[in-house]
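This report goes through selected local features of one protein chain. It covers pockets, backbone geometry, aromatic pairs and cysteines.

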Amino acid sequence: MIPSLTRYKQEKQTVCDHLLADSQLYETSAGKVEAALLGRGDPILISHGSGGGYDMGIWLAKLIKGEFQYIAPSRFGYLRSPLPSIPTPENQADTYAALLDSLKVNTVVMIGLSAGGASALQFALRHAKRCRGLIMISAVSLPVPPLPRFLQAVFPLMLKSDFLPWLLYAVSPHKVFQSNGVSQELLKKIDHDQEKMRLLDALYQSTFPSTLRRDGMINDMQLLTNFSPYPIEQIDCPALVIHATNDPIIPFESGKFTAQTIPNAEFLQLKDGGHFTCVTHREETIPVIQRFLNGCKE
């Protein structure tokens, strides 16, 4: 049965109300930055993935848990964080530092999720004294393959509609998960696990509505298909890399390159789970992340 338009409008309104209520706009030396804070303890800064916003950072914080203060900004062009004239990962890293100044936070552990990995690496390079540790989860460090030309043309048009992505997910959420590398076989195994399925659904919800994230997604698509590898061999803080070999969004080569190039990086390599391995294999990934974070405490 096709979901009703009334349901779509109600869900969109509810999400939009929460998005405005659950974050703040901070005036920093680098301009306005939207961010949300969660918890108390040693600070952790989350650089969210493509399609997300601060809400995706909060989603990851709730997945990891622990006695930490999570700082979850919206990257350039996402939700209420404006897209500057030069929206590069380098400038995004500097904007993270400016946000920390406004929050009076000296050092953080940086987490780069998916496309947020580029600015996470830049933060570790450009603000090394403020980066106590670095975690890269299914995160980019090498150029990603460009979309086919047809999809490059269609993608911006799709992002002009909130209804179409909502409808595709409402009709067939498993297809969305499969397109991110979660195989049918794995979905059958975890389908009875209510918490994992709830987490996957909550992850999708952190990409809706898409029009509020359009500028950031287009910027990611343009930047991440064509950039020179960073000198990450210069990163000297503790590092943890988590990546699945079958990730179709950020190819495994990125995770492998990060783990092999950053000196003494710890590498958790998984065989399946695709781009969502931190959820599908949370029994393996979350304890490793928590141990790493506890080892980086001030």
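Which element gives the most to the lining of the second largest pocket? The model is predicted, and in it H2 gives the most to that lining, with 6 residues.

**The second largest pocket**

The second largest pocket holds about 530 Å³ of space. Its lining has 20 residues, and those nearest the centre are Asp 55, Ile 58, Trp 59, Lys 62 and Ala 202. Helix H1 (5-21), helix H2 (54-64) and H9 are the elements that give two or more residues to this lining. By residue type, the lining of the second largest pocket divides into 9 nonpolar, 4 polar and 7 charged.

**The cavity**

The search for cavities of 30 Å³ or more gives a count of 1. About 90 Å³ of space lies in the largest cavity. There are 13 residues in its lining, and Arg 75, Pro 87, Pro 89, Asn 219 and Asp 220 lie nearest the centre. The elements that give two or more residues to the lining of the largest cavity are H3, helix H4 (117-126) and H10. The largest share comes from H10, with 3 residues. The lining of the largest cavity divides into 7 nonpolar, 4 polar and 2 charged residues.

**Backbone geometry**

Most residues other than glycine have a negative phi, and most peptide bonds are trans. The next residues depart from that pattern.

Lys 104 is not a glycine, yet has a positive phi of about 60°. Lys 104 is located in the loop between helix H3 (89-103) and strand S5 (108-113). With a relative accessible area of 76%, Lys 104 is exposed.

Ser 138 is also a residue other than glycine with a positive phi, here near 50°. The loop that holds Ser 138 runs between strand S6 (131-137) and helix H5 (149-158). Is Ser 138 buried or exposed? Ser 138 is buried, because its relative accessible area is 1% and the cut-off for buried is under 20%.

The peptide bond from Phe 208 to Pro 209 is cis, and its omega is near -5°. Pro 209 belongs to the loop between helix H9 (194-205) and helix H10 (214-223).

**Thr 277 and its contacts**

Thr 277 is part of helix H12 (residues 277-280). The relative accessibility of Thr 277 is 0%, so this residue counts as buried. Leaving aside residues up to four places away in sequence, Thr 277 touches Ser 138, Ile 242, Ala 244, Leu 270, Asp 272, Arg 282 and Thr 285. One of these contacts is Ser 138, the buried loop residue with the positive phi described above.

**Aromatic pairs**

The whole structure contains 10 aromatic pairs. One of them joins Phe 68 and Tyr 70: the ring centres are 6.1 Å apart and the planes are at 70°, so the pair is edge-to-face. Phe 68 counts as buried at 3% relative accessibility, and Tyr 70 is buried with a relative accessible area of 2%.

What arrangement do the rings of Phe 252 and Phe 267 have? Their planes are at 20° and their centres 5.9 Å apart, so the pair is stacked. This pair links distant parts of the chain, with Phe 252 in helix H11 (residues 252-261) and Phe 267 in strand S8 (residues 266-270), 15 residues apart. Phe 252 counts as buried at 12% relative accessibility, whereas Phe 267 counts as partly exposed at 29%.

One aromatic cluster is formed by Tyr 8, Phe 163, Trp 166 and Phe 208. Phe 208 is also the residue that precedes Pro 209 across the cis peptide bond.

The two pairs can be set out as follows.

| Pair | Distance of centres | Angle of planes | Arrangement |
|---|---|---|---|
| Phe 68 and Tyr 70 | 6.1 Å | 70° | edge-to-face |
| Phe 252 and Phe 267 | 5.9 Å | 20° | stacked |

**Cysteines**

How many disulfides are there? The count comes to 0 disulfides. For Cys 131, the closest cysteine sulfur is that of Cys 237, at 4.0 Å. That is too far for a bond, because a disulfide needs the sulfur atoms within 2.5 Å. Cys 131 counts as buried at 5% relative accessibility. Cys 16 is partly exposed, with a relative accessible area of 21%.

Key: Residues numbered from 1 in each chain as written. Predicted model: local features only at pLDDT ≥ 70, side-chain atom pairs only at ≥ 80, totals over all residues. Heavy atoms only, no water. Helix = DSSP H or I, 4+ residues; strand = E, 2+ residues; numbered from the N terminus. Buried < 20%, exposed > 50% of the residue type's maximum accessible area, 1.4 Å probe, protein only. Contact = heavy atoms within 4.5 Å. Phe/Tyr/Trp six-rings, centres within 6.5 Å; stacked < 30°, edge-to-face > 60°. 1 Å grid on protein atoms, 1.4 Å probe; cavity = no way out; pocket = protein on both sides within 12 Å on 5 of 7 lines; lining within 4 Å. Points joined across faces, edges and corners; volume = space filled by probe spheres on them. Nonpolar A, V, L, I, M, F, W, Y, C, P; charged D, E, K, R; others polar.
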